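Thanks, everyone. Let me put the model on the screen, and then I will walk through it.

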Amino acid sequence: MSVEVPRAVAFSAPRPSLFAGLRRLPKGVLVLAFILCVLILPPAFFLFNVSFHVSNPDGTLGALTLKHYSALFTERFFLPSLVNTIVYSLGTAIVALVFGITQALIVERTNAPGREWVFLGAIIALGIPNVLHVVSWLLLLGRAGPVNSALAATMGPEYMIHVYSMWGMIVIEGMNFVPLVFLLMSAVLKSQDASFEEASMMSGGRPLRTFWSISIRMGMPGILALLLLVFIRAFESFEVPALVGLAGNINVLTTNIYQSTRGQGFPRYGEAGAYSVCLLVIVIGLIYLYNRLSRNAHKYQSITGKGYRPRVIDLGPMKWVGTTVLVVTFLLVTGLPIIILVFASLQPFYEGVSAGSFGRWTLENYILLHDAKSFHDAIGNTLIMGAATATAVVPLTALCAWMAARRSPGAWILDQLATAPLVFPAIVMGIAFLYVFVSLPVALYGTLLSVIIASTSRYLPYGMRYAYAGVLQIHRELEDASASSGAGQLMTFFRIVVPLLAPALISGWLFVFLLSVQAVSLPLLLVGPGSEIVAVTLFDLWQNGQVTELAAMGVVWIALMTMVSSIFYYVTRRFQIS
Amino acid sequence: MLSVQNLFKAYETRSGEPAGGAFDISFEVARGELFTLLGPSGCGKTTTLRSIAGLETPGSGVIELDGAPLFDGASQVSVPMYERDIGMVFQSYAIWPHMSVFENAAYPLRVQRRNRPSREEIEKRIMRVLEMVGLAKYRGRSATQLSGGQQQRLALARALAREPKLLLLDEPLSNLDAQLREQMRAELKRIQSEWGVTTVYVTHDQAEAMAISDRIAVLNQGRLMQLGSAEEIYERPTTEFVAGFIGRTNLFTGRLAEASVDRGYGVVESAVGPVRCWFHKAVPSGAAVKFVTRPENVECARMSAGQENTFEGKVVSRVYLGDIAEYTIRVSEMDVLVRAHPSVALSPGDATPVYFPADRTIAICE
């Protein structure tokens with residue numbers, strides 16, 4: 001028999017207060033939410049705070065003001081910088097997509113010989129820090145570089161190229177994103193049901209017609225989403241704008257922020273804060289757009305049913321053309337940069353590739369590195385920082401993802417909190433944490449710990465992505481079976497969820513490690529004496545013009561990181577983690 | 001109409017182990033016929049279908065449509081799939097989500113190179129097909145808004161749009177729920193016979209195959225096991241696999257009691273006693289012989305023992321299913337499954353005679 005509750009009575013029941021509501025949440029959710037808040041809220045708070053206050057020369061904050069913002073919109077740098085940023089990001093996205101998608105199409109949909117080796121190239125690329133990539137391209141295309149010497153020798157000096165320009169930035173950053181586009185696009189192609197194309201062929205559509213009317217049209221939402229993704233990443237990038245743009249007097253938003261903190265006189269924190277908030281708002285808008293677009297892209301995928309099989313087009317004798325394209329792309333993206341780095345590392349000084357330089361081989365740079373304590377310290381610091389960051393991020397996000405995926409009451413907030421840092425461009429995050437650490441009474445500023453805390457906050461979303469995908473793969477009933485066997489929630493988590501989740505967690509750990517050790521813009525403003533890390537050291541070496549030492553250090557570092565990224569690749573392949 | 005001769009297509013796993021395919025498949029399909037390839041997953045039915053479509057290139061063999069070769073391994077002929085005049089319905093339907101219902105169906109006409117129909121002609125013909133599958137009123141709708149059954153109809157309309165010589169259906173009903181499946185099955189059959197299009201149908205569902213087909217080819221492990229009408233395959237299986245795959249059956253082993261037997265009747269000495277069975281081919285004296293009989297063909301309770309093919313048995317269990325009562329009856333250590341009319345009232349432990357009609361007790365000599 002059912003008891004009817006009169007509606008009026010149900011409504012007149014006193015509303016629970018916020019505090020009572022919080023108390024009803026599971027303790028686990030509350031603890032996790034607290035930890036996440038500690039990691040995320042202070043930088044956001046300080047960033048806004050500093051942008052709305054007068055900053056005094058001694059670093060303290062003065063009266064409330066809007067002058068940083070009004071200055072931003074009235075000064076003559078903001079608009080040109082914004083335009084530059086947009087041109088640069090769009091160009092980058094187009095270059096990266098053209099190369100990356102071509103590569104993915106050849107690898108996934110044709111029988112070009114050697115196509116499976118492209119993944120190896122992508123793994124190596126994953127192990128090269130962005131800053132090294134940029135430097136090696138500058139060595140290739142710079143004034144003294146081999147490309148310009150060849151141009152000058154064959155066509156005359158007036159044909160020499162000037163790499164410190166907008167198109168130089170676009171090409172270098174574009175090449176940098178080719179592996180990412182390739183990996184994402186090949187995953188999309190792998191998951192696409194080939195029967196859409198087969199249905200077209202069976203309707204009498206020739207290969208070109210099929211490619212145009214079906215493959216491209218259906219892939220369009222996905223391609224647009226990818227374009228926007230690279231656009232966002234370029235929008236918030238720092239290495240290329242700093243190393244290429246600043247030298248050519250081309251300012252973008254991220255370098256404006258950097259300049260404000262490093263300008264003449266005392267650092268203009270308020271201005272940097274206002275810039276950062278603007279950048280943040282733009283990126284939030286772009287990410288919102290991206291989420292809508294990629295949801296659209298998935299709508300097309302969900303229509304497929306069973307009976308999927310991959311489709312490979314027989315290129316016939318043309319397949320060697322496909323291979324050539326792959327080899328050339330590999331050389332551009334990974335091969336040439338590494339070759340020029342190795343070359344430069346074996347030279348006593350770098351002045352391009354000439355007949356003379358082949359007579360001057362030396363191992364001195366490596367010997368110098370081997371003997372330098374600072375180098376060992378930097379490597380040690382970086383490995384500790386990467387390992388600590390990954391070790392902090394992975395268990396935290398694993399718990400959050402599990403609670404969120406299993407819909408514990410209030411756990412959705414964990415998901416929101418852990419993915420929130422995604423909207424912070426790295427340089428903005430760096431500035432924000434800088435404010436936090438200089439204002440803290442504890443002497444954290446300049447220590448390795450400060451970098452670890454900032455990195456942990458920054459890479460939470462990446463850990464979350466791996467953990468969430470992993471949890472979704474575990475069937476709910478596996479846990480229910482544990483519960484019905486009498487195990488408590490924690491017991492179930494450790495005995496059932498963790499073992500099943502292990503592959504996803506291991507690859508998440510490696511991925512966060514790889515990302516965090518290669519970042520420049522986040523730790524750049526945070527490190528101090530005694531907490532040097534490799535990527536920042538490389539950045540400084542370039543600024544100081546110590547090219548050959550930089551090259552030697554880069555080669556050693558790439559070798560180390562390629563090992564890590566190979567393990568990462570092996571783990572994800574072995575356990576089929578997307 | 002369609003002829004497939006000695007089709008070979010072997011697959012390998014990455015490590016080089018054999019992984020299914022089709023081995024020496026031959027059959028002919030007559031004009032207007034609905035021909036079904038039936039078998040469990042991995043039996044080679046889809047491989048055969050995709051070879052006819054041109055989506056796979058066979059290792060060897062000959063495929064001809066209307067006298068013209070589509071594929072000939074010996075003379076290296078292989079017509080590209082888009083030049084074969086074949087319509088196909090995919091298991092996943094493969095309805096293009098970026099096109100409307102009408103555009104999906106019209107695509108085959110729009111991409112035609114030779115004598116492409118005029119705009120009005122396309123409009124007329126597509127509306128006719130859409131009408132036939134009952135989608136005319138959805139013509140402007142986005143394909144993503146269709147239900148499973150509607151997508152299925154649209155896939156069929158698209159396959160028939162350019163009136164192909166041959167229609168291929170790859171497990172078209174397997175993505176539908178049970179109720180819709182039966183409805184669509186009838187509709188498919190209706191449209192096929194109305195349209196009169198020669199059809200090759202692939203399925204793993206024996207009931208579906210029997211309901212819809214003019215003739216059925218049963219495949220197993222890449223080989224053709226038996227070819228015939230639904231009745232022939234059900235009533236006179238020639239291999240143990242076919243007997244077991246289609247419906248339920250009682251299987252006995254024994255030895256030929258007579259000197260030899262031609263196509264016709266012969267007596268087999270088995271565990272239950274001497275049984276007279278039907279042989280579909282000649283067998284030498286003393287050969288080991290298996291024979292099968294369907295549970296619904298075995299009779300019990302209403303005859304007296306001592307007659308031909310009649311043995312004394314004891315009821316082990318009875319399952320009442322409403323329209324039928326299913327008995328397990330032990331006849332000299334052999335459990336025999338019997339499906340009897342529910343009015344037959346035996347209880348476990350009862351003794352009863354069991355009769356195997358000779359014309360429905362089929363000897364299998366592989």
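**From one alanine outward**

Start with A:A344, which sits in helix α15 of chain A. A quick reminder: this is a predicted model. Is A:A344 buried or exposed? Its relative accessibility is 0%, so A:A344 counts as buried.

What does A:A344 touch, once its neighbours within four places in sequence are set aside? The contacts are A:L139, A:Y350, A:N365, A:T548 and A:A551. Keep two of those names in mind, A:L139 and A:T548. For a sense of distance, take A:A504, which is 160 residues away from A:A344 along the chain. The two C-alpha atoms are separated by 39 Å.

Now follow the contact to A:T548. This threonine belongs to helix α25 of chain A, residues 547-575. A:T548 has 6% relative accessibility, so it is counted as buried as well. Its contacts, again leaving out neighbours within four places, include A:A344, A:S345 and A:Q347. A:P348, A:F349, A:Y350 and A:N365 are also in contact with A:T548. Look back at the alanine: A:Y350 and A:N365 are on the contact list of A:A344, and they are on the list of A:T548.

Back to helix α15, which covers residues 319-345 of chain A. A:T323 is in this helix. A:T323 counts as buried, because its relative accessibility is 14% and the cut-off for buried is under 20%. Beyond four places in sequence, A:T323 touches A:A112 and A:P113.

Next, the nonpolar cores. The largest has 139 residues. Which of them touch the most other members? They are A:L47, A:L139 and A:F539. We met A:L139 a moment ago, as a contact of A:A344. A:L47 has its own set of partners, not counting residues up to four places away. One group is A:G273, A:S276, A:V277 and A:L280. Another is A:F424, A:V428, A:I431, A:A432 and A:Y435.

There is also a second, separate core, of 40 residues. Among its members are A:M201 from chain A, and B:L65, B:L166 and B:V202 from chain B.

That takes us to chain B. Its secondary structure comes to eight helices and 21 strands. The C-alpha trace spans about 75 × 50 × 40 Å along its principal axes. Of the 366 residues in chain B, 54% are buried. Count the contacts in chain B between residues at least 6 apart in sequence: 65% of them join residues at least 24 apart.

A word on the surface and the charges. The accessible surface of chain B is about 15,800 Å², and carbon and sulfur atoms account for 47% of it. Chain B carries 41 positive and 44 negative charges, and their mean positions lie 6 Å apart.

Now the strands. Strand β1 of chain B, residues 2-12, pairs with two partners that I want to show. With strand β2, residues 18-29, the pairing is antiparallel, over eight bridges. With strand β4, residues 60-65, it is antiparallel over five bridges. One residue to click on is B:S3. In β2(B), its bridge partner is B:E28. In β4(B), its bridge partner is B:E64.

Move on to strand β10 of chain B, residues 215-220. Why call it largely enclosed by the rest of the structure? Because five of its six residues are buried. Strand β3, residues 34-38, pairs with β10(B) in the parallel sense, over four bridges. There, B:T36 has B:I216 as its bridge partner. With strand β11, residues 223-228, β10(B) pairs in the antiparallel sense, over five bridges. In β11(B), B:L224 is the bridge partner of B:L219. β10(B) and β11(B) form a hairpin, with two residues between them. In that turn, B:Q221 has a positive phi of about 45°.

Last stop, an open sheet in chain B. What is the order of its five strands? It runs β16-β20-β17-β18-β19, with antiparallel pairing. The edge strands are β16, 299-300, and β19, 334-340, each pairing on one side only. At the β19 edge, seven bridges join β19(B) to strand β18, residues 325-331. One of the bridge pairs there is B:V331 with B:M334.

Key. Residues are numbered from 1 along each chain as its sequence is written. Chains are lettered from A and ligands numbered from 1 in the order in which they are written. This is a predicted model: local features need pLDDT of at least 70, side-chain atom pairs count only at pLDDT 80 or more; totals for chains, interfaces and linings use all residues. Side-chain values use heavy atoms; hydrogens and water are left out. Buried means under 20% relative accessible area, exposed over 50%, partly exposed in between (1.4 Å probe, protein chains only). Contact means heavy atoms within 4.5 Å. Accessible areas come from the Shrake-Rupley method with a 1.4 Å probe; for residues, only the protein chains shown count as cover. Lys and Arg count as positive and Asp and Glu as negative; His and the chain ends are not counted. The place of a charge is taken as NZ of Lys, CZ of Arg, CG of Asp or CD of Glu. A nonpolar core is a set of buried Ala, Val, Leu, Ile, Met, Phe, Trp, Tyr and Cys residues joined through side-chain atoms within 4.5 Å. Two strands pair if DSSP finds at least two bridges between them.
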